[in-house]
Amino acid sequence: MSSSVWLRCLCLICFVSTVSGVQKLTITPDRGTTFNISSTQVKGCEVCTRAGRSLQCDTSLELKDNTPVSVEFECSRPQDVFRVEISRSIECTVDSCNGHIVQADSGSLPLLDFNRKFTWNLKASAPNAFKIDFSKTGLRQINPSERCPDRHSYTLQAVQTTGTVDVGKFCTSGTITSAQILNLGSFSLEVPAGQKLQNGQFDVSVGEEIKSLAKITLTLPKGASSTELLSPNYPDSFPDDDVMEWCFQVPDKHKTGIQFSNLTQPSCRKKETAVEYHSKGRAAVLSLTAAQPKPTWGNFSITLRNCEMDRRRAGSPGLSLSMTVSTSSTSSPVSCKVDLSKVEGLSLYIEKLRLASDCEMKINSVTKEKITVTSNSVLSFQDCRPEDVQVTAMRVIECRYLTDCPKTPVRLSLPELPPCLPAPLSSVTWILRPPLHGTVELTSPTGSLKQALPGQPCNDSIIIKVAEDDGTTIGRFCPQGAIKKIQIHTNMSVTVSNTGDKALRSSYRNSLDACFKKEISERYIFTVSSKKDTPVLLATPGWPVGMKSYSTVSWIVSVPPKMEAHLMFANLSQPKCSNRHTNIRVQRVGRLEEDYSRREDEEAESEIIVSEGFYLNMSNCMPERGHFSVITKITLQESKNLLLTIILSVVAALLVIFVIVLVVVCVVIRKKKKKLNHQVSIYNPNGTSFLPGHHNFPKTREDNESHVYTSIEDTLVYTHLLRKGMEMGVYGESDSCRSFTGHTDSQKPLVSKDSDGSNMEISVYRPFHYSSQQAPPLPKRPPSLPLVDNDIYQTENQSEEQHSPNLGPRLEPEGGN
């Protein structure tokens with residue numbers, strides 16, 4: 001080969017090597033991570049891995065194993081074509097999560113020249129959310145088009161069945177301290193090419209049972225500050241018919257105000273877009289276009305709600321907004337106008353709890369530690385936080401005569417108070433004063449009540465205290481019980497207060513109705529309707545303190561059919577009486593007699609069973625020492641007599657069936673007997689009998705052996721004795737002989753006295769006129785007429801008037817049969 005050819009080949013090899021620009025990298029993924037190298041172009045460059053001598057190339061590559069892998073890029077600048085995503089999965093159970101978000105760059109250092117995205121896919125265990133803690137560095141939300149100063153941009157996403165939602169894009173150094181995502185989501189960090197990853201960690205833990213898409217918590221700094229927040233998917237639309245929540249932790253003596261901007265609203269098919277404010281139990285729901293609340297004190301939360309959008313309408317942009325949260329520490333009086341003139345008998349009480357606090361309260365420009373509002377008044381509050389003030393209300397409802405009382409029940413509902421008050425309503429008291437001979441009746445239109453007793457705790461966050469006008473407690477009650485009605489024959493009060501963290505307005509759903517009626521015989525009457533296998537505890541008024549002297553109480557307990565009530569008297573305390581006696585009585589409704597009655601000097605039974613609705617009455621004496629108090633436990637069970645009733649019913653039914661069957665059998669047998677009584681057979685001395693109507697007479701004696709006797713009549717065997725009997729006068733003579741028409745098979749025909757051997761009727765069938773219960777009379781035999789042992793019967797064609805031929809000499813039988 002010439003030198004010119006070698007030169008041309010060398011130049012070609014150098015050109016190809018320069019054009020190809022193949023780059024080789026060795027990548028070792030961290031354990032539990034996945035590397036995905038993908039091209040942003042359809043053509044132009046591929047990423048390859050070598051397996052032995054073979055080279056496999058594609059536009060994307062995924063690496064999972066924790067082993068070194070040699071990667072080749074078949075282009076000169078692959079960092080302009082490929083992007084790298086490094087992902088890791090974190091799962092949370094009900095109690096804990098299996099990892100945290102750790103920013104480490106060890107495994108991706110060979111790819112430093114590429115744009116990298118670190119993604120942590122998180123999954124929560126229903127119904128809880130997963131929570132990411134940002135309290136060490138804090139995050140602040142930015143517009144999706146912005147970039148962070150440190151070139152580290154974070155993105156939080158929520159994964160729903162309808163798709164992925166961008167909760168927001170964030171930078172470090174902000175007021176966001178935590179975020180919670182429902183069910184599935186991801187948290188990612190994008191780092192541009194050439195930017196080293198900043199080491200750090202965000203803790204992941206089990207969150208709350210949230211009802212929204214996501215919940216962002218912010219801790220606002222002291223002093224004046226402003227924070228901007230954006231709706232999910234901003235500037236695109238917030239998800240259809242979804243909810244987003246922000247919670248704000250505000251420093252002491254700071255006010256916070258909200259302002260919306262860049263608002264776009266959709267056309268709604270169902271529901272409406274709205275924003276909800278919650279502050280120390282107080283709630284307000286406003287439209288997005290309405291004037292938002294003035295700056296308020298203390299912590300609060302905002303909930304953004306979208307409607308079911310109508311995307312078919314042209315020009316419907318969806319829901320998106322920008323929210324500015326401004327905080328200020330400047331103190332200034334807050335004016336509050338309260339008008340109670342619309343509700344008769346209503347009073348409002350505002351009391352300063354901590355004297356050392358900076359809270360200043362004024363009514364009509366006069367500073368007060370306690371304020372009572374009964375009509376239209378102007379109040380002023382400065383530096384008053386919710387924990388500094390207590391707000392209560394009271395309403396008096398009374399009538400002097402029953403005819404003047406309200407004809408319809410009075411709803412004991414919470415009064416409407418302005419939101420400018422520094423604290424929510426903590427309790428409401430209704431004073432109910434019936435006429436002299438009247439009774440107050442309390443009912444719950446939305447359910448029943450139960451007493452708050454040991455072993456029967458209240459699951460609700462409110463407590464209803466019922467007391468007499470002198471403060472004597474009748475009982476403490478809460479919703480969801482078995483008490484349908486309470487009747488009290490005296491002046492009384494009902495106080496509803498909150499026992500939990502929720503505000504009274506949000507927790508008091510089961511309002512009460514009060515009605516004035518005629519007086520009752522007892523001081524207190526409770527109407528109870530319990531359920532099967534659900535024990536109900538009923539305590540005497542004032543428990544654990546004893547009942548008032550001479551006071552009486554009754555419980556009217558309904559018992560469903562086929563059920564019985566089991567009564568047990570627990571925590572029974574009996575006094576020593578100086579006058580009268582205590583008494584516990586049980587009496588079924590509609591019965592005059594008592595099922596149970598015990599005094600304080602008598603031992604009470606451990607259990608009483610009542611099978612019908614009943615009255616439980618208790619009365620107190622004048623105690624000398626001690627007190628009278630009882631807790632009655634009532635449990636409904638299926639009646640034990642029910643099984644016995646079922647058994648007796650089955651036995652009675654079987655007995656009736658047996659009697660019917662027996663009667664039918666007797667009737668059938670009786671009919672058969674009657675039928676057999678008419679079918680009388682004709683006696684044949686030769687051993688063959690046939691029924692009347694059966695005309696198959698035997699042909700000859702030789703053919704059918706009719707001459708052989710199957711049995712011999714005793715009268716024939718002992719004929720010589722009969723002769724001697726007649727000679728001795730034992731048998732009498734008769735002038736005539738009746739022809740016997742009812743023979744059995746063993747009987748032989750009888751012969752008439754007046755007949756001779758030629759004209760005597762022999763074995764002629766006659767109708768049988770005797771009853772089946774009475775035997776025919778014995779015939780009188782003539783003493784001179786010899787008996788025969790061979791009888792000739794007429795054939796089927798012979799008439800009764802035809803005579804038999806002469807008989808031969810009689811042969812005496814030789815012996816019995």
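Start by selecting Asp252, Arg354, Arg385, Glu387 and Asp388: these residues are linked in a network of salt bridges. Keep in mind as you click around that this is a predicted model. Within the network, zoom in on Glu387 and Arg385, which form a salt bridge whose closest N and O atoms are 3.8 Å apart. Now switch on a surface and look at the two partners in turn. Arg385 has a relative accessibility of 16%, so this residue counts as buried. Glu387 comes out at 38%, so the label here is partly exposed.

How many salt bridges does a search of the whole structure find? The total is 26, and two others make good stops.

Select Glu276 and Arg305 for the next one. Their closest N and O atoms sit 2.5 Å apart. Colour by secondary structure and you'll see Glu276 in strand E23 (residues 274–279) and Arg305 in strand E26 (residues 300–305), so this salt bridge ties together parts that are 29 residues apart in sequence. Buried or partly exposed: which is Glu276? Glu276 is buried, with a relative accessible area of 14%, while Arg305 is partly exposed at 34%.

Then hop over to Arg77 and Asp80, another salt bridge, with 2.7 Å between the closest N and O atoms. Here Arg77 is partly exposed at 47% relative accessibility, and Asp80 is partly exposed too, with a relative accessible area of 48%.

Time to go inside. Show side chains for Leu348, Ile350, Leu379, Leu442 and Phe614: in the largest nonpolar core, which has 74 residues, these touch the most other members. Which residues does Leu348 touch, leaving aside those up to four places away in sequence? Centre on Leu348 and pick out its contacts: Val338 and Leu340; Ile371, Thr372 and Val373; Val391, Thr392 and Ala393; and finally Leu417, Leu421 and Leu425. There is also a second, separate core of 68 residues, and to find it you can select Val47, Leu61, Phe82 and Val250, which are among its members.

Next, a sheet. Draw strands E46, E55, E48 and E52 as a cartoon; in that order they make an open sheet of 4 strands with antiparallel pairing. Which strands sit at the edges? They are E46 (536–539) and E52 (608–610), each of which pairs on one side only. Turn the sheet to look along it and you can follow the twist, which averages 25 degrees from one strand to the next. For a closer look at one pairing, select E48 (residues 563–573) along with E52: the two run antiparallel and are joined by 3 bridges. Put a label on His566 and you'll find it opposite Ile609 in E52.

Last stop: recolour everything by pLDDT. The protein averages 79, and 77% of the residues score at least 70. Where is confidence lowest, and where is it highest? The lowest is helix H1 (residues 3–20), with a mean of 34, and the highest is strand E18 (residues 214–219), at 96.

Two more stretches are worth selecting while these colours are on. Over residues 679–703, pLDDT stays under 50, and the model has 51 contacts beyond four places in sequence for them. Move on to residues 730–817, where pLDDT also stays under 50; for this stretch the model has 131 contacts beyond four places in sequence.

How values were computed:
Residues numbered from 1 in each chain as written. Predicted model: local features only at pLDDT ≥ 70, side-chain atom pairs only at ≥ 80, totals over all residues. Heavy atoms only, no water. Core = buried A, V, L, I, M, F, W, Y, C linked by side-chain atoms within 4.5 Å. Buried < 20%, exposed > 50% of the residue type's maximum accessible area, 1.4 Å probe, protein only. Contact = heavy atoms within 4.5 Å. pLDDT = per-residue confidence, 0-100. Pairing = 2+ DSSP bridges. Axes fitted to C-alpha atoms, helices over the stretch in contact; angles between N-to-C directions. Salt bridge = Lys/Arg side-chain N within 4 Å of Asp/Glu carboxyl O.
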